[in-house]
Amino acid sequence: MRHLLRIRGLPVGQARAILDEAPRYLDVADQPVPRTPALLGRTVVLLFREPSTRTRSSFQLAAKRLSAEPLAFASASSSLSKGETFLDTARTLAAMAPDIIVTRSRESGIPELLAREIPTASVVNAGDGISEHPTQALLDAFTIRRHRGRVRGLTVAIIGDLLHSRVFRSNALLLTMLGARVRCAGPPTLMPPGLERLGVEPRPSVEEALRGADAVMVLRIQHERMHDSFIPSRREYFHEFGLTEERLRPTRDAIVLHPGPLNRAVEISSAVADGPRSVILEQVRNGVAVRMAVLAEIARGRPRGRRRRD
Ligand code: CP
């Protein structure tokens, strides 16, 4: 694997290989010294231009645990604030010969742009606009698989703001590719067009989407991407679409996932988020292992040693 740009186009065998490799990186985390030399001598640049807690921290930790040198780029204190363009910034960082660039951006399509403009580095998409967040989908599938033993044949309900969610798109593509049935529900104003093309079944209510589900994924309301009033109020949204214990009760033993950050009492109640069915913090833990598997898989395909440009 040279890059990980999207789930769309990722061969199913490659997705399965990452999911199969991830458990051994969970074991690395439990070692007294949580290090393995898979990326020894490699440099990983974290080029984040949008806020992140989980993804940036877990890529940084993943790179360290693989013995790489992580270089975290602080967008707010960089020369971007002096007017340097993003592409010039990326080329400047590329001149320091990183092996892998992990990128997050407000705009869609930046990972492909970087892969094209910086052919010496591998690129990993850590979330681009409303387009895709492939490592989030991989860690979600991994978490479901650890709890249910498989993904094929399961029913996964995805609830919330689907329109603005790159997590939704990547999950819909990956979970259906792995053989799950994906249902969804949310306000009509926050349902994207073409759900059927993604292989997803829309349901008229949260209760209908939840019926018989093995896993429920709640997606946050993305206020920062809304330039219009898509919901009447947070209170009404919670009343109609929020995941509460009462709504969850008929779903047997469905696990509850949320990619974070949470809007408590908007898309999910605290009782559910902190309750026995919640695997939200486990997703975070699994994220480090899955990202280690991704970085290691990419590093395996790259020649060792610095390429001089002069
Ligand atoms: N799930 C996720 O992408 O979280 P962060 O924005 O905190 O990285």
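Colleague: Quick one to start: how many bridges join β8 to strand β9, and do they run parallel or antiparallel?

Modeller: In this model, which is a predicted one, 3 bridges join β8 to β9, the strand made of residues 255–257, and the two run parallel. One facing pair you can look for is V216, which stands opposite V256 in β9.

Colleague: And which way does β8 pair with β5?

Modeller: Strand β5, residues 155–160, pairs with β8 in the parallel sense as well, here over 5 bridges, and I158 stands opposite M217 in β8.

Colleague: What holds paired strands together in general?

Modeller: Strands of a sheet pair through backbone hydrogen bonds, and they can do this either parallel or antiparallel.

Colleague: Is β8 itself mostly buried or exposed?

Modeller: Strand β8 covers residues 215–219, and 5 of its 5 residues are buried, so the strand is largely enclosed by the rest of the structure. Buried here means under 20% relative accessible area. If you follow the side chains along β8, A215, M217 and L219 point one way while V216 and V218 point the other way, and all of them are buried.

Colleague: Switching topic: in what order do the strands of the open sheet come?

Modeller: That sheet has 4 strands, in the order β2-β1-β3-β4, and the pairing is parallel. β2 (69–74) and β4 (122–128) stand at the edges with a single partner strand each, so one side of each is left without a neighbour in the sheet. From one strand to the next, the twist averages 15 degrees.

Colleague: Which helix packs on that sheet?

Modeller: Helix α2, residues 54–65, packs on the sheet and touches β1, β2, β3 and β4, and its direction makes about 175 degrees with that of β1.

Colleague: How many bridges join β1 to β3?

Modeller: Strand β1 (residues 43–48) and strand β3 (residues 100–105) are joined by 5 bridges and run parallel. At one of these places, the bridge partner of F48 in β3 is R104.

Colleague: Now the ligand: which residues surround it?

Modeller: Around the ligand you will find S52, T53, R54, T55, R104, H133, Q136, P259 and G260, so to speak of R104 again, a polar side-chain atom of that residue lies 2.9 Å from an oxygen atom of the ligand.

Colleague: What about S52 and R54, how far are their side chains from a ligand oxygen?

Modeller: For S52, an N or O atom of the side chain is 2.6 Å from an oxygen atom of the ligand, and for R54 the distance from a side-chain N or O atom to a ligand oxygen is 2.6 Å. Taken alone the ligand exposes 250 Å², and the protein buries 91% of that.

Colleague: Where is the cis peptide bond?

Modeller: The cis peptide bond joins G260 and P261, with omega about -10 degrees. P261 has its place in the loop between β9 and α10 (270–273), and G260 is one of the residues that surround the ligand.

Colleague: Last topic, the backbone angles: what is phi of S67?

Modeller: Phi of S67 is near 70 degrees, a positive value in a residue other than glycine, and S67 is found in the loop between α2 and β2. R252 also is not a glycine, yet has a positive phi of about 50 degrees.

Colleague: Where does R252 lie, and is it buried or exposed?

Modeller: R252 lies in the loop between α9 (245–248) and β9, and R252 is exposed, with a relative accessible area of 51%.

Note on methods: Residues numbered from 1 in each chain as written. Predicted model: local features only at pLDDT ≥ 70, side-chain atom pairs only at ≥ 80, totals over all residues. Heavy atoms only, no water. Pairing = 2+ DSSP bridges. Axes fitted to C-alpha atoms, helices over the stretch in contact; angles between N-to-C directions. Contact = heavy atoms within 4.5 Å. Near = heavy atom within 4 Å. Polar contact = N/O pair within 3.5 Å; in protein donor to acceptor, adjacent residues only side chain to side chain. Areas by Shrake-Rupley, 256 points an atom, 1.4 Å probe, with all protein chains shown as cover. Buried < 20%, exposed > 50% of the residue type's maximum accessible area, 1.4 Å probe, protein only.
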